[in-house]
Amino acid sequence: MATSDTVATTYLKGVFGSSKGSTAPATVYVALSSTAPAVVGGVLGNVTEPSNGSYQRVAISNNDTNWTTSGRTVTNNLAVEFPTATANWNANAAYAVLYDEATNGNALVSCSLGSSTAVLTGVRVVLDAGSVTLTVPNT
């Protein structure tokens, strides 16, 4: 099934920014994954987050200041700064995944970060503004 740009934009604005629907989360939580997230049975899964070295998801208010929706994409407007690793993380940073809760919760969408990076002790992962771009496919 193909979708028009109008439908894609309406969908994204219903989930992100100040015009989001009442069921969209007020805060989204950015996670890192070493594995490529995949949809199975209608649920986004196959996410492997680090579980050591002070790793935690980063909370971002879901508003127009922090997210820009344009056409088929939504992009972060500010840097996403993870805590400094206090030990080598046991999962590389290869994908960004947005959740509706700080722990557990529902994975909403994901995107590749372009490369897989090992996070070593003393390193702070920062995803620059504009580097988390989520796209509704045209298929």
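**Two antiparallel sheets**

Strand S1 (residues 27–33) runs antiparallel to strand S8 (residues 93–99), and the two are joined over 5 bridges. One residue pair pins down how they line up: Leu 32 has Ala 96 in S8 as its bridge partner. All of this comes from a predicted model.

Zooming out, S1 and S8 belong to an open sheet of 4 strands, which goes S4-S1-S8-S9 with antiparallel pairing. The edges are taken by strand S4 (58–61) and strand S9 (107–117); each has a single partner strand, so one side of each is left without a neighbour in the sheet. From one strand to the next, the twist averages 25 degrees. As for what holds such an arrangement together, strands of a sheet pair through backbone hydrogen bonds, either parallel or antiparallel.

Now for the other sheet. Here 3 strands make up an open sheet, in the order S5-S6-S11, and the pairing is again antiparallel. S5 and strand S11 (133–135) sit at the edges with a single partner strand each, so each of them has one side without a neighbour in the sheet. Leaving direction aside, neighbouring strands of this sheet are turned by 15 degrees against each other on average.

Within that sheet, S5 and strand S6 (residues 73–76) pair in the antiparallel sense, with 4 bridges between them. The two strands form a hairpin with 2 residues in between, and Gly 71, which is in the turn, has a positive phi of about 60 degrees. Across the pair, Thr 69 is matched with Val 74, its bridge partner in S6. Thr 69 also helps to tell the two faces of strand S5 (residues 67–70) apart: together with Trp 67 it makes up the covered face, whereas Thr 68 and Ser 70 are on the uncovered one.

On the S6 side of the hairpin, Thr 75 is worth a look, being a residue of strand S6. Its relative accessible area is 17%, which is under the 20% cut-off, so Thr 75 counts as buried. What does Thr 75 touch, once residues up to four places away in sequence are not counted? Its contacts include Asn 66, along with Trp 67 and Thr 68 of S5. Thr 75 also touches Gly 130, Val 132 and Thr 133, and residue 133 falls within strand S11 (133–135).

How values were computed: Residues numbered from 1 in each chain as written. Predicted model: local features only at pLDDT ≥ 70, side-chain atom pairs only at ≥ 80, totals over all residues. Heavy atoms only, no water. Buried < 20%, exposed > 50% of the residue type's maximum accessible area, 1.4 Å probe, protein only. Pairing = 2+ DSSP bridges. Axes fitted to C-alpha atoms, helices over the stretch in contact; angles between N-to-C directions. Contact = heavy atoms within 4.5 Å.
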